[in-house]
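Student: I should like to look closely at a single part of this structure. Could you please take me through it in one connected account?

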Amino acid sequence: MAVASEETTSICNHCGRDIPSANIDLHSVHCARNLEKCKICGDMVPKRHAEEHYLNTHAPVSCSLCSETMERDILAIHKGENCPQRIVTCEFCEFPLPAVDLAEHQEVCGNRTELCHLCRRYIRLRERYSHENNCKGVTAADTVAESSRDVGAAPERDQVRDRGARRRQPQEFSTRRLIFTIAITGIAVLLGSLFFQRKAESNIVH
C-alpha cells in the first residue's frame, strides 16, 4: 500500500500563514480582499471590523481612578492589579485604602500589639501569625514569676492602702469636729433665744 506524501504548504504574503500549496492562489485573493493587518498588534482582522477592533482594543482611554492613559484592552488589568489608586485591604486591620498608601499604613498598623490569650503577652500584629504557630502558652516558669510578682506586690498594695487610710483619718476627724461645733452653736443660740424671751415676758408683767 502506497504511503501518501506530506502535503506541501506555501506562506501567504498577506497574512503570513502556512496555506496548502494547492489552495494558495485562491486564499491569497480572498485574504487580500477581506482581511487587514492591524498596524498596532499585527492581528489579521476583517476589513469591515478594523475600526471596531481599534476602538475596542487599542484606542487610548484614561483610568477613572488615577487618570493615566493606556490602551483600552489593558485597562481592566491596570485597574485590578497596577493602578496606584485601586482599593486594597490592610492585612492587619482589613481597612480598605488606596494601594499607594498601603505600605505606609501597614508599617504603622503592623507595629500595633494585641494580647495573646495563650501566653498572655502582647505581640506585634506583623508577628501574629508566626507567633500563633509557635506559641506554647503559659509555661510553669511564667506562672511562678507572675505569682512572685503578685506576692511582692501585695505588701506594697497594703502599704498604699494604709497610707490612704491614714490620710483619710484627719479628714474624717475634721468633719466630725465641724459637725460637733455646729451642734453646740445651735444649742447655744436656742438657749439664748429662750432666755431673752423669758426676760422680755418678765419685764412686761412688771
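Tutor: In this predicted model, T57 is buried, because its relative accessible area of 18% falls under the 20% limit used for that word. T57 belongs to helix α2, which comprises residues 50-58. Setting aside residues up to four places away in sequence, T57 touches E71, R72 and D73.

The last of these residues, D73, deserves attention of its own. D73 sits in the loop between β6 (69-71) and α3 (75-82). With a relative accessible area of 39%, D73 is partly exposed. Apart from neighbours within four places in sequence, D73 is in contact with N56 and T57. The C-alpha atom of D73 is also separated by 8.5 Å from that of A59, a residue 14 places away along the chain.

Helix α4 offers a further example of burial and exposure. In α4, which covers residues 102-109, L102, Q106 and C109 are buried. Viewed down the axis of α4, its buried residues fall within an arc of 65°, so they line one face of the helix. The general reason is that an α-helix has 3.6 residues a turn, so residues three or four places apart point the same way. On the other side of α4, A103, E104 and V108 are exposed. The cover over the buried residues of α4 includes the strands β7 (87-89) and β8 (96-98).

Conventions. Residues are numbered from 1 along each chain as its sequence is written. This is a predicted model: local features need pLDDT of at least 70, side-chain atom pairs count only at pLDDT 80 or more; totals for chains, interfaces and linings use all residues. Side-chain values use heavy atoms; hydrogens and water are left out. Helices (H or I, at least four residues) and strands (E, at least two) are DSSP runs, numbered from the N terminus. Buried means under 20% relative accessible area, exposed over 50%, partly exposed in between (1.4 Å probe, protein chains only). Contact means heavy atoms within 4.5 Å. The arc is that of the directions from the helix axis to the C-beta atoms.
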